[in-house]
Amino acid sequence: MLEVKDINVSYGKVQVLWDLSFNVGRGEIVTILGSNGAGKTTTVKTVTGLLHPSSGSIRFLDENIEKLPPYAIVKKGMTLVPEGMASFPRMSVIENLLIGAYTQGDNVDDTLERVYQIFPKLRERGKQQAGTLSGGEQRMLAIGKALMSKPGLLILDEPSLGLAPNLVLTIFDVIQKLREEKVTVLLVEQNVHHALEISDRGYVLEKGRMILDGKSSDLLKDGFVKKSYLGI
Ligand SMILES: Nc1ncnc2c1ncn2[C@@H]1O[C@H](COP(=O)(O)OP(=O)(O)OP(=O)(O)O)[C@@H](O)[C@H]1O
Ligand SMILES: [Mg+2]
């Protein structure tokens, strides 16, 4: 579904990603692991058109997208849930959700119902200003808003960051359930154990280069991953 090949990405003169390649197949959950500053957010920003590579290619559904702007990529069915606050704080929960569906035309009721079923909290809080939601509720809203666009590929940048342990489990549970909804997921996480447990494959990014990849079950047993990311 997504094939990233040898991309190089810089901020001005500072190169951050080096000959980076990875791919995500339809229906897979794929994790990118890496420590702070490794280049994970830069990677997802490049894939979603917020940044452009100086060289290399990005193919999505058999089309080159590395030169396209973000809105054109969203239209093709790829949606990013960025790090941190991802909603319009002064608008209500329901307004935020409906904005998420702007590529969908009129028929949004079923999608909204589906999002409410995944996150009942959002139904309860429908009229509340997004900016006054708790951190966990805001994270649910960000994911719910992304689901409103009915993405084929959902990209999540550290969805569990800063959440209490029980909410972390809820978020990972939701991600796993997306599998049944046929949503393909690219997950960026520092919560390595949980991320590998729910994903099919993983890549390890260090200093802008992919240094390791494999089946998630194998990475969980990998000596380097255990030592560097799982603290074992
Ligand atoms: N706008 C920018 N201008 C210059 N350098 C940047 C910019 N954004 C990120 N960087 C640098 O690029 C490198 C990779 O940053 P990136 O945000 O992709 O890392 P990350 O893996 O997402 O880290 P984290 O886990 O902390 O979110 C870092 O060294 C960072 O300082
Ligand atoms: Mg980041």
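**Close-ups of a predicted model: ligand 1 and the largest pocket**

**View 1. Who sits around ligand 1.** Sorted by class, the shell around ligand 1 comes out as seven polar, three charged and three nonpolar residues. This is a predicted model, so keep that in mind while browsing the views. There are 13 residues around the ligand, and the ones that come nearest are G37, K40, T41, T42 and E83. Helix α1, spanning residues 40-47, gives the most to this shell, chipping in three residues.

**View 2. Polar contacts to ligand 1.** Zoom in on the oxygen atoms of ligand 1. An N or O atom in the T42 side chain sits 2.5 Å from an oxygen atom of the ligand. Backbone atoms join in too: a polar one from G39 is 2.9 Å from a ligand oxygen, and an N or O atom of the A38 backbone lies 3.2 Å from one. On its own, ligand 1 has 630 Å² of accessible area, and the protein covers 58% of that.

**View 3. The largest pocket, up close.** Now for the empty space: the largest pocket has a volume of about 480 Å³. Its lining takes in 21 residues, with V74, T79, L80, P82 and K145 lying nearest the centre. By class, that lining splits into 15 nonpolar, five polar and one charged.

**View 4. What builds the pocket lining.** Pull back a little to see the elements behind the largest pocket. At least two lining residues each come from α2 (70-75), β6 (78-81), α3 (93-100) and α6 (135-147). Why does the pocket lie between domain 1 and domain 2? Because both domain 1 (1-77 + 151-161 + 175-232) and domain 2 (85-150) give residues to its lining.

Note on methods:
Residues are numbered from 1 along each chain as its sequence is written. Chains are lettered from A and ligands numbered from 1 in the order in which they are written. This is a predicted model: local features need pLDDT of at least 70, side-chain atom pairs count only at pLDDT 80 or more; totals for chains, interfaces and linings use all residues. Side-chain values use heavy atoms; hydrogens and water are left out. On a 1 Å grid over the protein atoms alone, a cavity is a set of points where a 1.4 Å probe fits but cannot get out, and a pocket is an open set with protein on both sides within 12 Å along at least five of seven lines; lining residues have an atom within 4 Å of a point. Grid points are joined across faces, edges and corners, and a volume is the space filled by probe spheres set on the points. Helices (H or I, at least four residues) and strands (E, at least two) are DSSP runs, numbered from the N terminus. Ala, Val, Leu, Ile, Met, Phe, Trp, Tyr, Cys and Pro count as nonpolar, Asp, Glu, Lys and Arg as charged, and the others, Gly among them, as polar. Domain bounds come from an automatic or database domain assignment. A residue is near a molecule or strand if one of its heavy atoms lies within 4 Å of it. A polar contact is a pair of N or O atoms within 3.5 Å; within protein, one must be able to donate a hydrogen and the other to accept it, and residues adjacent in sequence count only if both atoms are side-chain atoms. Accessible areas come from the Shrake-Rupley method with a 1.4 Å probe; for residues, only the protein chains shown count as cover.
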